[in-house]
Amino acid sequence: MLKSICNVWLAVPLAGTMAMLLAGCGSSLSPEAQAKRMAGACQTRYCSCQQEELGILTKTLKVPVEWRLNGDAYCPEGYQLKFDGPPTSSLRPS
């Protein structure tokens, strides 16, 4: 009897936690809407164009972001806008 009560007490919080994690993974925005948001967000944050999912063991290829006349960022075919860190420079202060 005690084992079954313990199993229920463990299962309920675990199920709730899993539900919250899975809900956070999904997005209610269409891919087109997400791309439009990224195009605007890259005006104020560092972004790069990264090659779409190649696999876990492959190096991600990056190319510079291209800009439309209205200020929106976009990428060449086969690449996606992703947030990135600031570019590194070979000119470092001494």
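How exposed or buried is Asp-84? In this predicted model, Asp-84 is partly exposed, and its relative accessible area is 28%. The legends below start from the whole chain and then move through a series of close-ups, with Asp-84 returning in the fifth.

**Figure 1. The protein chain is built from two helices and five strands.** Reading from the N terminus, the elements follow the order α-α-β-β-β-β-β. The protein chain holds 94 residues, and 12% of them are buried. Its accessible surface amounts to about 8,200 Å², and carbon and sulfur atoms account for 63% of that area. If you like to think in contact maps, take the contacts between residues at least 6 apart in sequence: 59% of these join residues at least 24 apart.

**Figure 2. Strand β1 runs antiparallel to β5 and also to β2.** Between β1 and β5 there are five bridges, and one residue pair to look for is Gln-51 with its bridge partner Tyr-79 in β5. Two bridges connect β1 with β2; here Cys-49 has Val-63 of β2 as its bridge partner. Strand β1 covers residues 47-51, and four of these five residues are buried, so the strand is largely enclosed by the rest of the structure.

**Figure 3. Cys-42 and Cys-47 are joined by a disulfide.** Their sulfur atoms lie 2.0 Å apart. The angle about the S-S bond is -90 degrees, and the link is left-handed. Both ends of this link are buried: Cys-42 has a relative accessible area of 5%, while the value for Cys-47 is 16%. How many disulfides does the count come to? The count is two, and the other one is the subject of the next view. When the bonded cysteines of the protein chain are numbered in sequence order, the pairing reads 1-2, 3-4.

**Figure 4. A disulfide links Cys-49 to Cys-75.** The two sulfur atoms are 2.1 Å apart. Which hand does this disulfide have? The torsion about the S-S bond of Cys-49 and Cys-75 is about -90 degrees, so the disulfide is left-handed. Cys-49 belongs to strand β1, whereas Cys-75 sits in the loop between β4 (73-74) and β5, so this pair ties together parts that are 26 residues apart in sequence. Cys-49 is buried, with a relative accessible area of 0%. Cys-75 is buried as well, at 16%.

**Figure 5. Asp-84 and Lys-62 meet in a salt bridge through their side chains.** The N to O distance is 3.2 Å. Asp-84 is in the segment after β5 (79-83) and Lys-62 is in strand β2 (residues 62-63), so the salt bridge ties together parts that are 22 residues apart in sequence. Both partners are partly exposed: the relative accessible area is 28% for Asp-84 and 47% for Lys-62. How many salt bridges does a search of the whole structure find? It finds one, and the pair shown here is Asp-84 with Lys-62.

**Figure 6. Gln-50 is a buried residue of strand β1.** Its relative accessible area is 13%, and buried means under 20%, so Gln-50 falls within that class. The side chain of Gln-50 makes a polar contact of 3.1 Å with the side chain of Ser-48. Which residues does Gln-50 touch once its neighbours within four places in sequence are set aside? They are Thr-60, Leu-61, Lys-62, Gly-78, Tyr-79, Gln-80, Lys-82, Phe-83 and Asp-84. Two names in that list, Lys-62 and Asp-84, will be familiar from the salt bridge of the previous view.

**Figure 7. Glu-66 belongs to strand β3 (residues 66-67).** Is Glu-66 buried or partly exposed? Glu-66 is partly exposed, with a relative accessible area of 32%. Leaving out its neighbours within four places in sequence, Glu-66 is in contact with Asp-72, Ala-73, Tyr-74 and Pro-76. Cys-49 gives a handy link back to the disulfide view: Glu-66 and Cys-49 are 17 residues apart along the chain, and 8.6 Å separates their C-alpha atoms.

Definitions and conventions: Residues numbered from 1 in each chain as written. Predicted model: local features only at pLDDT ≥ 70, side-chain atom pairs only at ≥ 80, totals over all residues. Heavy atoms only, no water. Salt bridge = Lys/Arg side-chain N within 4 Å of Asp/Glu carboxyl O. Helix = DSSP H or I, 4+ residues; strand = E, 2+ residues; numbered from the N terminus. Buried < 20%, exposed > 50% of the residue type's maximum accessible area, 1.4 Å probe, protein only. Pairing = 2+ DSSP bridges. Disulfide = S-S within 2.5 Å. Contact = heavy atoms within 4.5 Å. Areas by Shrake-Rupley, 256 points an atom, 1.4 Å probe, with all protein chains shown as cover. Polar contact = N/O pair within 3.5 Å; in protein donor to acceptor, adjacent residues only side chain to side chain.
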